[in-house]
Amino acid sequence: MEDCLFCNIVAGKVPSKKVYEDEYVYAFLDIAPQAPFHAVVIPKRHIASADEINAENSIEVARVFEAIAKIARQEHLENGYRVVNNCGEDGGQTVQHMHFHLLARRNLAWPPG
């Protein structure tokens, strides 16, 4: 999608600090980190939000989670991490491309504040 920020990051039209990439997934450091390690992990294929997951594209979500496990090993996140997906306006989604925040390297209290 031409007007999608994350599609433009994948296409190299918008700069990012890449932490991981494969054929299906791209991950980059968040520009406003909420933890000492904060990456955004996205499917390269445009899916607007978790509301659009279906039988035809659910493999994209599986690939994202496979990549998250690889990133956690790569970044030595052995003390643990949190994965967050915001869906829709009330869920706090600000970019209309499904994405997952990978947060680590601090104690992430529950419930989140």
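I started with the second largest pocket: its lining splits into 4 nonpolar, 4 polar and 4 charged residues. My classes: Ala, Val, Leu, Ile, Met, Phe, Trp, Tyr, Cys and Pro are nonpolar, Asp, Glu, Lys and Arg charged, and the others, Gly among them, polar. Among the lining residues I noted His-76, Tyr-81, Arg-82 and Arg-106.

Provenance next. This is a predicted model, where local features need pLDDT of at least 70, side-chain atom pairs count only at pLDDT 80 or more, and totals for chains, interfaces and linings use all residues. Residues are numbered from 1 along each chain as its sequence is written, and side-chain values use heavy atoms, with hydrogens and water left out.

Then I looked up the largest pocket (on a 1 Å grid over the protein atoms alone, an open set of points for a 1.4 Å probe, with protein on both sides within 12 Å along at least five of seven lines; lining residues have an atom within 4 Å of a point). The largest pocket has 30 lining residues, with Asp-30, Ala-32, Gln-34, His-38 and His-101 nearest its centre. Helix 1 gives the largest share, 3 residues. By class I get 17 nonpolar, 9 polar and 4 charged.

Last, the sheet. I find 5 strands (DSSP E runs of at least two residues; helices are H or I runs of at least four). They form an open, antiparallel sheet in the order 1-2-3-5-4, and pairing takes at least two DSSP bridges. Strand 1 (18-21) and strand 4 are the edges. Between strand 3 and strand 5 there are 5 bridges; Ala-39 partners Leu-102 in strand 5.
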